[in-house]
Amino acid sequence: MSSVAVEGLAKSFGAATALHPTDLAIEDGEFVVIVGPSGCGKSTLLRLIAGLETPSAGRVLIGGRDVTALEPAARGIAMVFQSYALYPHLSVAENIAFPLRMAKVDKEVIAAKVAAVAELLELGALLDRRPRALSGGQRQRVSIGRAIVRDPAVLLLDEPLSNLDAGLRVRMRHEFARLHQRLGATMIYVTHDQIEAMTLANRIVVMAHGRVEQVGAPLDLYAAPATIRVAEAIGSPAMNLLPVRIARADAAGAVVTLPGGAETHVAVHVPPTAVGAAATLGVRPEHLHPDPGGPFGGRVELFERLGPLSFAHLGEAGTLGSIVAQLPSDRQVTLGEALCFSVAAVNAHLFAEDGAAYPRLTP
Ligand SMILES: Nc1ncnc2c1ncn2[C@@H]1O[C@H](COP(=O)(O)OP(=O)(O)OP(=O)(O)O)[C@@H](O)[C@H]1O
Ligand SMILES: [Mg+2]
C-alpha cells in the first residue's frame, strides 16, 4: 500500500505562510499533478511529504502509516527535485547507482539497472562524467534516473522536465506514463506544462496562495473550474476573463453586460441578490464562434498559426480589452481585421467578486 494523505498539513517560514492547513488524499497508484502559479506552495507541499521540511502543523500518512516524525529515507519514497541535487563528487553512473548501493543491492544487479536506466534516459555516453560537466537537462535526467532506479512505491517529481528540449520532453512524458503503468507507483508530479498536466494526471490539484483551490479529473476542472484561479491555471491559451455586470437572472440563467454594453447569456444560477453586481465572465478561446452580430468583437492584433489550429488575439481600445479566439487553420485573417464572436450560454462561466464560480445549471 502506498497511498499518500496529508491532514491539516501547514508550513510557515517565519511570519510567511507557504502552506495553509491542507487536507489531501491520494490513492495507491494514482498519478496526481499539482499546478499553480510560481510561489503558491507546490514544492513546499512535496518537500513536506518527502520529509525534507518539518511541518508547522498537521501530519503525513503513507500507506496509512503516520510518517510525520520519520526521516526522508525511512518513508519509502523517491523525489526528483526542481534543482537536481546530485552528488558532485560522484560520476553519473555512481549517482544513479547510489540508492541501490545504500540498499546493499548486488553489484551485478546494480550494473544492469544502471545500464537500463541510462538507455531509457539517453545517458549512456555520459556515465563516467561528473555532474558539473553536464548541461542542466542532462543533470535533470540523471536525477530522474536516480529516483526511478529503485522502482519506488511513491515517486515525487518537482518539475522534472522543465530543462529538457521539446523532443526529449515529449518522450519523457510518455515514459512517465508508461513507468506509472508498469510500476503502479503513486506519483505526485508538479508542472507548469498544460499538456503534461492534462495528459498524465488521474487528478489535478490546483493550488494558489498556499491553498488547494480544487481537486478533480483534468476534464472536470477544464469544464467546471470552481474558482477564477482554477480557470486561470487550466487551459492554454488561458480562458478569457472579462469584467461584466449581472443584468438579470431567470430560469435560463444569467444575462450579463459586457464592457462595451452588449449582453450575453450564461447558464449558471445566480441568486436575485446578485443582480446588479460586478462579476467576471470566463470564455475559453475554443468556445468563441465567429458570428458577425456577436457581442465579442475586436481587431486582430496578433495571429498565431500552430498548424491544426490558429489563435487570433483581438484588441479594441476602451471596450473588451484583449481576448483570444481559436479559429480553424484554414481561416484567412489579416492584421487589423474586425472580427465578432458569440458564445453559447452553456460554454460561458461566471465568477462572483470573491472568485467563486456561480453554480452551473444542470440541463
Ligand atoms: N526555505 C524557505 N524560507 C523562506 N521562504 C520559503 C522557503 N521555501 C519556500 N519559501 C516561500 O514559500 C512560498 C512557496 O514556495 P514554493 O517553493 O513552495 O513555491 P512553488 O509553488 O514551488 O513555486 P515555483 O513554481 O516557483 O517552484 C514562496 O513564497 C517561497 O518564497
Ligand atoms: Mg517549486
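**Exercise 1.** In which sense do β14 and strand β20 pair, and over how many bridges?

*Solution.* The model used in these exercises is a predicted one. Begin with the two strands themselves: β14 and strand β20, the latter made of residues 348-351, pair in the antiparallel sense, and they do so over four bridges. Next, look for a pair of residues that shows this pairing: Val283 has Ala348 as its bridge partner in β20. Finally, turn to another pairing that involves β14: strand β11 (residues 240-250) and strand β14 (residues 278-283) are antiparallel too, and six bridges join them. Here Val244 is the residue that stands opposite Ala279 in β14.

**Exercise 2.** Find where Gly294 lies, decide whether Gly294 is buried or exposed or in between, and list the residues that Gly294 touches.

*Solution.* First, locate the residue along the chain: Gly294 belongs to the loop that runs between β15 (289-290) and β16 (296-305). Second, count its neighbours, remembering that a residue is buried with 20 or more other C-beta atoms within 10 Å and exposed with 12 or fewer. Because Gly294 has 16 other C-beta atoms within 10 Å, Gly294 is partly exposed. Third, leave aside residues up to four places away in sequence, and the residues that Gly294 touches are Cys340, Phe341 and Ser342. As a last step, take Gly145 for a comparison of sequence and space: Gly294 and Gly145 are 149 residues apart in sequence, and their C-alpha atoms are 53 Å apart.

**Exercise 3.** Describe the shell of residues around ligand 1, by element and by class.

*Solution.* Start with the residues: the shell includes Phe13, Ala16, Ala18, Lys42, Ser43, Thr44 and Gln82. Then ask which elements supply them: β2 (16-26) and α1 (42-50) are the elements that give two or more residues to the shell around ligand 1, and α1 provides the largest share, with three residues. To finish, sort the shell by class, which gives four nonpolar, seven polar and one charged residues.

**Exercise 4.** Which domains does the domain assignment give for the protein chain, and how many residues of each are in contact with the other?

*Solution.* The assignment divides the protein chain into domain 1 (4-232) and domain 2 (238-351). Taken over C-alpha atoms, the centres of domain 1 and domain 2 are separated by 37 Å. At the contact, four residues of domain 1 meet seven residues of domain 2. On the side of domain 1 that touches domain 2, the residues comprise three nonpolar, no polar and one charged.

Terms used. Residues numbered from 1 in each chain as written. Chains lettered and ligands numbered in written order. Predicted model: local features only at pLDDT ≥ 70, side-chain atom pairs only at ≥ 80, totals over all residues. Domains from an automatic or database assignment. Contact = placed C-beta atoms within 7 Å. Nonpolar A, V, L, I, M, F, W, Y, C, P; charged D, E, K, R; others polar. Near = placed C-beta within 6 Å. Pairing = 2+ DSSP bridges.
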